[in-house]
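Please open the model in your viewer and keep the sequence panel beside it. The tour below goes from one selection to the next and says what is found at each stop.

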Amino acid sequence: MKSVELLAPAGNFECAIAGFTYGADAIYLGLKNFSARADAFNFSNDELIAIVNFAHKNNKKVYVAINTLIQNDEIDELIEKLYWVDKANADAVIVQDFGVVNIIKTYFPNIQLHASTQMAVHNLDGAIALKNLGFSRCVLARELSFDEILYITKNCGIETEVFIHGALCYSYSGLCMYSSFIKGESANRGKCTYPCRKLYDGVHPYSMKDLCLSDDVKKLCEIGVASLKIEGRKKTPLYVASTTDYYRKIIDGKNTKGLIENIKRIFARPFTNLHFYGKNKDVIDRDFSGPRGLFIGKVLSYKNNSIKFKTLFPIAKHDGLLITIENVEKPFGFALDNMRVKGKYVFEANKGDIVEVKLPKNSPMIKENYDVYCASSMSVKGSYPYNVPSIDSLLEKEKIDITCILTKNNISAFSIYNNQKVAVQIDGDFQKANDIEKMKISTFNAFSKLGDSSFILNDFNYQNDDGIFASISILNDIRRQLIVKLEALKSTIKPILPNVKKFDDVINKSSNYIIKIDDASYLDLFDKNDIQNIYEVIIDVFNDIEKLNPLIDKNKVRISIPVVIRDKMILKVKEKIKYLINKGFYKFQISNIFGLNIVKEFNITDWSVDYFMYNLNLYAFDFWKNLGAKRITLSVEDNKKNMNLSLKKNANISEVIVYQDTPLFIADNCMGDCKNCKSSASTIIKNCRNFILSPKPFCIVEYEKELIAPFAFRFDFCFKKYNAQEVKNLFNNLMKNKKPLSYTIANFDRGFK
């Protein structure tokens, strides 16, 4: 089997140690800010340095996830975080935001770049585009099949990383706006409120099972995948230890008997291999959203608030049990405190025993055949020991020089730190020493004991011309005071950070209007006056573009390349692009990083960047401008304040969407019911791809004057089904700043986390 990296999650320092102890070759972690798991404990600067030191001493690696979108007023803080990542010598940074990419390439060129799964890299062109941008690795979208992973890995020229275990998102990662639009808490900024786990009309239509590839990871090892990734930066150290141990043993060809059951007794929803072997319809857990644990039997009887069941696995007192209750969303859970086998109270029950369990008071009614699960096991908790070193022991101490001077009137010590003199002095009437040499040794020993401080003695200068004696207590007191002052000074010293680039203001006196459609017929009723009001029409590449209203000149048409095109379709898309170019269409819009490779392949010079690329900061705009983008669309997640900060410097190339039926989920995970699979007002299904739309259209047309005038305001009529008359009426009203009866402005006023 080829060498492959096993990559474990680390939500905190203890998780990192647990992962390394049980066989991880690398761990990935987040900092206190800018992590897609913002509600994990995450790492302080000292913890980051400590764990990198630990890893490198053990020939292992640490990757830092800065995989969220950055707003303009966060740039300075981001640069300071990257300074500490660079200082810690972390092995790579995992990123989503191309503004972050720009900052790293500009100011921290030694940092390796890994493309986060939040970039939704799902085809070969995307991976190649990242290679050309200087990335060393891309984390592939979880929706891909083995064949797709193989094709990309063999041909992309950079490392690929594949998720093998853990929680799944219903939507493509990075393309989910549900939490952001509904609550102002963005998944793209690490604040997801998990709406996919919620109950809708009595079911969980979007709640995914957990990924578990088990022995299938051997196939990934054979094809050259660089890294196998376990999800779980919000999970416990015990979970990290057990999952890492399980996959370590699979990779190494060792016995894994009982290990998957251990994982289930720690945290597990029902498992799925997702689409590893092609389209899988059984990926959603419609009945429950949370973990259930290890299935251990069915209720045989319920009497006097006690149940009986035949246990399929050993259980013990204090284990946590769950029972699924009919028509109840969450299973009933309780600690196993009272258990009998054959009428006798027991501490443990063996596999095959008929167990009688007393339920807690006020338990719900339990029926025969209800499922019983073990969700917490005392024996499993003791199966994964590890020793956590202190963080201080892993931090490299800073060398300092100390001078100690003894005179008959005072004892003093000082050190020069950061070009500043730090001194301590104790006055008194000091006597002669009986043994001068012994005094010198005692003084050196006193100042060598810097203990748990962040310093270590480098050079010690001793001056005692008068042969003075000082007690050990006085010397220790001086040393302690000196170290306190040095630590205080150290804490105030700010790192020397690169100067933030200054961007010039631009002036854009008035705005144009752009319309985007995915059906050519929507513009059939537009007359000359309507079309004169339109600067440009953007239309989906899959549509029959030549059926556009003949009043629309080709020079006004831009071809949109959708955000998701799997490799099985990419050849057809490229054929269509070649055909359109030959027909005189030369303007294109990209929505995912793979579009950059298509632009390059066809020598397209007039291309724009759509909102799916999440342009929330000046460095993101600068990134695309430097690559040659003619226009850049602001994110519909954005808020007014941040938009104006971006527009102040980029108004002349900016598009602002003011009307849109926003997809909150874009998913290749179907509900599994092909017979009843059809689009509705809020769920649009195209070729087995689900677009779950906002219940109300996004509309900020009434707030146009509150924004610095962009190059263009844009109206989108995509995904949702319209007719030509509806589009004409909506367009005419929007041009007059008339809003629809029902709409949302999402984060425009409230901002978002």
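Which residues form one aromatic cluster together with F665? Select Y170, Y178, Y200 and Y206, and add F665 to them, and you have that cluster on the screen. Please bear in mind throughout that this is a predicted model.

**The whole chain**

Zoom out until the full chain is in view, and you will be looking at 753 residues, of which 58% count as buried. Drawn as a cartoon, the chain shows 20 helices and 36 strands, and its C-alpha atoms fill a box of roughly 110 × 80 × 50 Å, taken along the principal axes. If you count the contacts in the chain with a separation of 6 or more, residues 24 or more positions apart account for 72% of them.

**Aromatic pairs**

The cluster was one place to look at rings, but the structure holds 36 aromatic pairs, and two of these pairs make good next selections. Begin with Y417 and F455, whose ring centres are 5.6 Å apart and whose planes stand at 85 degrees, so the pair is edge-to-face. This pair links distant parts of the chain, since Y417 belongs to strand β22 (residues 410-417) and F455 to strand β24 (residues 455-463), with their positions 38 residues apart in sequence. Is each partner buried or exposed? Y417 counts as buried at 9% relative accessibility, and F455 is buried as well, with a relative accessible area of 1%.

Now move to Y659 and F717, where the ring centres are 5.5 Å apart and the planes meet at 40 degrees, so the pair is described as tilted. Y659 lies in strand β31 and F717 in strand β36 (residues 712-717), so this pair ties together parts that are 58 residues apart in sequence. Y659 is buried, with a relative accessible area of 3%, and F717 is buried with a value of 0%.

**A helix beside β31**

Keep strand β31 (654-660) in view and add helix α19, which covers residues 640-650. Colour N642, M643, N644, S646, L647, K649 and N650, which are the residues of this helix that are buried. What do the buried residues of α19 pack against? They pack against β31, the strand you already have on the screen, and against α18 (618-627).

**Charges over rings**

Next, select R142 and F163, and turn the view until you see the charged end of R142 sitting over the ring of F163, 4.0 Å from its centre. A second example is K229, whose charged end sits over the ring of Y28 at 4.3 Å from its centre.

**Enclosed spaces**

Stay with R142 and F163 for a moment, and add L144, V162 and L213, for these five lie nearest the centre of the second largest cavity. This cavity holds about 100 Å³ of space and is lined by 13 residues, which divide into 10 nonpolar, two polar and one charged.

How many cavities of 30 Å³ or more does a search of the whole structure find? The search finds five, and the largest of them contains about 110 Å³ of space. To reach this largest cavity, select Q118, M119, F612, M613 and Y614, which lie nearest its centre among the 13 residues of its lining. By class, that lining has eight nonpolar, four polar and one charged residues.

**The largest pocket**

Turn next to the largest pocket, which has a volume of about 1,000 Å³. Of the 43 residues that line this pocket, V564, K686, N687, R689 and F691 lie nearest its centre, and selecting them is a careful way to find the place. The elements that give two or more residues to the lining are α6 (146-155), β25 (512-517), α16 (567-582), β33 (683-686) and β34 (689-693). Coloured by class, the lining of the pocket shows 17 nonpolar, eight polar and 18 charged residues.

**A last stop at F267**

Finish at F267, which you will find in the loop between α10 (259-264) and β10 (271-272). Which residues is F267 in contact with, leaving aside its neighbours within four places in sequence? Select D210, K235, Y239 and P291 to see these contacts. Then display A375, which is 108 residues from F267 in sequence but 6.9 Å from it in space, C-alpha to C-alpha.

Technical notes
Residues are numbered from 1 along each chain as its sequence is written. This is a predicted model: local features need pLDDT of at least 70, side-chain atom pairs count only at pLDDT 80 or more; totals for chains, interfaces and linings use all residues. Side-chain values use heavy atoms; hydrogens and water are left out. On a 1 Å grid over the protein atoms alone, a cavity is a set of points where a 1.4 Å probe fits but cannot get out, and a pocket is an open set with protein on both sides within 12 Å along at least five of seven lines; lining residues have an atom within 4 Å of a point. Grid points are joined across faces, edges and corners, and a volume is the space filled by probe spheres set on the points. Helices (H or I, at least four residues) and strands (E, at least two) are DSSP runs, numbered from the N terminus. Ala, Val, Leu, Ile, Met, Phe, Trp, Tyr, Cys and Pro count as nonpolar, Asp, Glu, Lys and Arg as charged, and the others, Gly among them, as polar. Contact means heavy atoms within 4.5 Å. Buried means under 20% relative accessible area, exposed over 50%, partly exposed in between (1.4 Å probe, protein chains only). Rings of Phe, Tyr and Trp (its six-membered ring) pair if their centres lie within 6.5 Å; planes under 30 degrees apart count as stacked, over 60 as edge-to-face and the rest as tilted. A charge sits over a ring if NZ of Lys or CZ of Arg is within 6 Å of the ring centre and within 35 degrees of the ring normal.
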